[in-house]
Amino acid sequence: MAVIETIGLTKIYNETIVPVKALHEVDLSFDQGEFTSIVGPSGSGKTTLLNMLGGLDKPSSGQILINRKDITTLKERQLTNFRLQHIGFVFQSYNLIPVLTAIENVSFIMLLQKHSRKKIDQRAREILEQVGLGDRLNARPSQLSGGQQQRVAVARALASRPDFVLADEPTANLDTQSAFNLLDIMEKLNREENITLIFSTHDQRVIERARRVITLVDGAVAGDEKRQQ
Amino acid sequence: MKLLITLAWRNLWRNKRRTLITASSVFFAVILALIAESMIKGSHEAMINNMVKLSTGYIQLQDSLYEDEPSVDHAFMFDNSVKQIMQQNSHIAYIVPRFESYMLAATDQATRPVMLRGVDFEAENLLNATSHKLIAGSLLDKTDQSVLLAEGLAQRLKMQVGDSIILVGQGFRGMSAAGIFPVKGIVKISLPRLNDRLIYMPLAATQQLFGAEERLTALLITPQDLTQTDKLAQELRAKFDPKWFKVLSWKQMMPSLLQSLKLDRASGMLIIYMLYLVVGFGILGTVLTMMLERQREFGILLSVGMKRGQLALITFVETVFISLIGVAAGLIGGLPILVYMHHHPIRFGKEMEAMFEAYGMEAVMPFALDTEVFSSQAIVVLLITLIIGLYPVLKVFRMNILKAARN
Ligand SMILES: Nc1ncnc2c1ncn2[C@@H]1O[C@H](COP(=O)(O)OP(=O)(O)OP(=O)(O)O)[C@@H](O)[C@H]1O
Ligand SMILES: [Mg+2]
């Protein structure tokens, strides 16, 4: 069953002098547990697509169905709550709240979701363990390397077991070793927790690891390739 | 909630130096404002006390008609029923009976209008012992049939101790009041207006002169707690039949003094408020930079599902925290300073001393020490903070999530 489905998704940026058509009639569907990479040249619309899927921006036309529910009709308050309950986010960098420790950063979203303290603590430890940071629970982001910070961010996004996780160029600021390391972790969590994961990237080495690769060119889907590994 | 407070608190210490600088600007402003306010209040209290003691007293009991027509015909009987009410009220420190009237004073060479004040010196000294200084002759006994002249008046009439003065006036209910009295002493009165016209006479002799035995033109009442003057006046008012009596507080009797104090206070407060304005902008500056620096963080927080209201609360609490730290430190730091200044007020130099003494005041800058000084400063600063705190709140509600996160 499709977790996410887009129908005729179009986004035109009107703020500029010449309107920019960033997405054009995109029809995509993502199944539960998929591990998908969105690729394409710079300016092809990857970030725009992820923002739409994450309910961070509204499309100009088209629908986004998440578990069959059209999120484009939601009001801001509902959308905020929808993001909190159903979507995990990993950004390119500086994902973490600098004044919170690793475990607090991971617990943060579950606290907003109002889970019980005990459950939150247990889950935060477990997932930090899984991303290999079981010994850095109380480190502040500034005390962690870029790769470690991204691992905490991935842990945070997955901790509350969202319907899917969106990651916009999560490895862009990492060296090769850290990038592979992060990919390994994302892949492992995707497999073990069966959480749908969609990430965008430029990086050819990273693309290799995805099980499905969607290529965008000028805001339209130019390729959609599923691989068996 | 706990999470939000934790975030706000930790954010404050993210840039320790900036927070401390901002908080200390509040701290210094609070201390300066405390000192200024305490000085204004202290000097006003001193002025009030001085004026009140020499002229009207804090509260007066009068005949109901006396205020509109201050004639001896409207002197009231100071009988047991009045005395009893006074004795029964535990908020009264002491009472000072007076019989006062304008008269004409004559000597061989001149005549002048004077103010004759019949007093009970024992009681009068409780109220204003320091305000009349004997400079020649001696003070009056209760039973004396003689007078004390104010220094300025004695000069104008060119009289000395041992001379006699003729006093002529209207007595009680059509009687005439006239007599010749030896001058027993000369006193310097520290209120220039009175120093030029006042004559003291023992109360009994005065009542006799006017044919108004047992009567008073005014009974001055001093409260135990001066800050409760209005309340005591209210209390006493309820005890007397308004058909016969009026109870007035000094504010009612000297509205112009009250007015000028208010004006003076307003100009003093203006300075204090300017001080706060500067501090307000200081806090605002800090808040603005904090907001700018954290655009991206805010964007991420809102992206992952924090409500705008929650984020706004964090920023608001941060602003309030900064100023609370400053206010608390300022109040704690200001307390010992004010306590010290209250007990060791600033002394003015020799030149100033003469001026102050002309008004019967000590040549010092008195500092008031009461809770109101502290609470009013705290309230003002907190109000300013709350207003400034609204700025980030508005910002958060208007913030574009994507733009913020892209920063
Ligand atoms: N806020 C905006 N206003 C106007 N145009 C925009 C805005 N955001 C993106 N665009 C334009 O939309 C198009 C798609 O941009 P998008 O950021 O989605 O590309 P991308 O594939 O993520 O690129 P990159 O690989 O460089 O991150 C580009 O032409 C871009 O200039
Ligand atoms: Mg992009």
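In this predicted model, the side chains of Glu104(A) and Arg10(B) meet in a salt bridge, with 2.6 Å from N to O. The pair belongs to the boundary between two chains, where the count of salt bridges comes to 2. In general terms, side chains of opposite charge can pair up when their charged atoms come close. Polar contacts turn up at this boundary too, and between chain A and chain B they add up to 6 residue pairs. On the chain A side, two elements each give two or more residues to the surface that touches chain B: α2 (76–86) and α3 (102–112). Sorted by class, that side of chain A has 13 nonpolar, 5 polar and 8 charged residues.

How many residues does each chain bring to the meeting? Chain A has 26 residues in contact with 20 residues of chain B. Put together, chain A and chain B bury about 2100 Å² between them, and carbon and sulfur atoms account for 65% of it. Three residues stand out here: Val99(A), Phe108(A) and Leu112(A) supply 23% of the area that chain A buries against chain B, which is more than any other three residues give.

Ligand 1 also sits at this meeting of chains, as it lies between chains A and B. A set of 16 residues surrounds ligand 1, and the closest are Ser42(A), Gly43(A), Lys46(A), Thr47(A) and Thr48(A). Some of the polar atoms around ligand 1 can be picked out one by one. A polar side-chain atom of Thr48(A) is 2.5 Å from an oxygen atom of ligand 1. For Lys46(A), an N or O atom in the side chain lies 2.7 Å from an oxygen atom of ligand 1. With Ser44(A), the backbone takes part instead: one of its N or O atoms is 3.2 Å from an oxygen atom of ligand 1.

Back to salt bridges, this time over the structure as a whole: a search of all chains finds 31 of them. One that lies within chain A joins the side chains of Arg209(A) and Glu187(A), at 3.2 Å from N to O. What does this pair tie together? Arg209(A) belongs to the loop between α7 (204–207) and β9 (212–217) of chain A, while Glu187(A) is in helix α6 (residues 176–193) of chain A, so the salt bridge links parts that are 22 residues apart in sequence.

Chain B, for its part, comes in two domains. Domain 1 covers 2–52 + 257–406, and domain 2 covers 57–253. Taken over C-alpha atoms, the centres of domain 1 and domain 2 of chain B are 48 Å apart. Where the two touch, 12 residues of domain 1 of chain B are in contact with 8 residues of domain 2 of chain B. The area buried between these domains of chain B is about 950 Å², with 67% of it from carbon and sulfur atoms. Salt bridges between domain 1 and domain 2 of chain B number 0, while 2 residue pairs are in polar contact across this interface. Which elements make up the domain 1 side? Those giving two or more residues are α2 (16–54), α10 (255–293) and α13 (350–358) of chain B. The largest share, 5 residues, comes from α2(B). By class, the residues on this side of domain 1 of chain B split into 8 nonpolar, 3 polar and 1 charged.

Conventions
Residues are numbered from 1 along each chain as its sequence is written. Chains are lettered from A and ligands numbered from 1 in the order in which they are written. This is a predicted model: local features need pLDDT of at least 70, side-chain atom pairs count only at pLDDT 80 or more; totals for chains, interfaces and linings use all residues. Side-chain values use heavy atoms; hydrogens and water are left out. Domain bounds come from an automatic or database domain assignment. Contact means heavy atoms within 4.5 Å. Buried area is the accessible area (1.4 Å probe) that two parts lose on being put together, summed over both. A salt bridge is a side-chain nitrogen of Lys or Arg within 4 Å of a carboxyl oxygen of Asp or Glu. A polar contact is a pair of N or O atoms within 3.5 Å; within protein, one must be able to donate a hydrogen and the other to accept it, and residues adjacent in sequence count only if both atoms are side-chain atoms. Helices (H or I, at least four residues) and strands (E, at least two) are DSSP runs, numbered from the N terminus. Ala, Val, Leu, Ile, Met, Phe, Trp, Tyr, Cys and Pro count as nonpolar, Asp, Glu, Lys and Arg as charged, and the others, Gly among them, as polar. A residue is near a molecule or strand if one of its heavy atoms lies within 4 Å of it.
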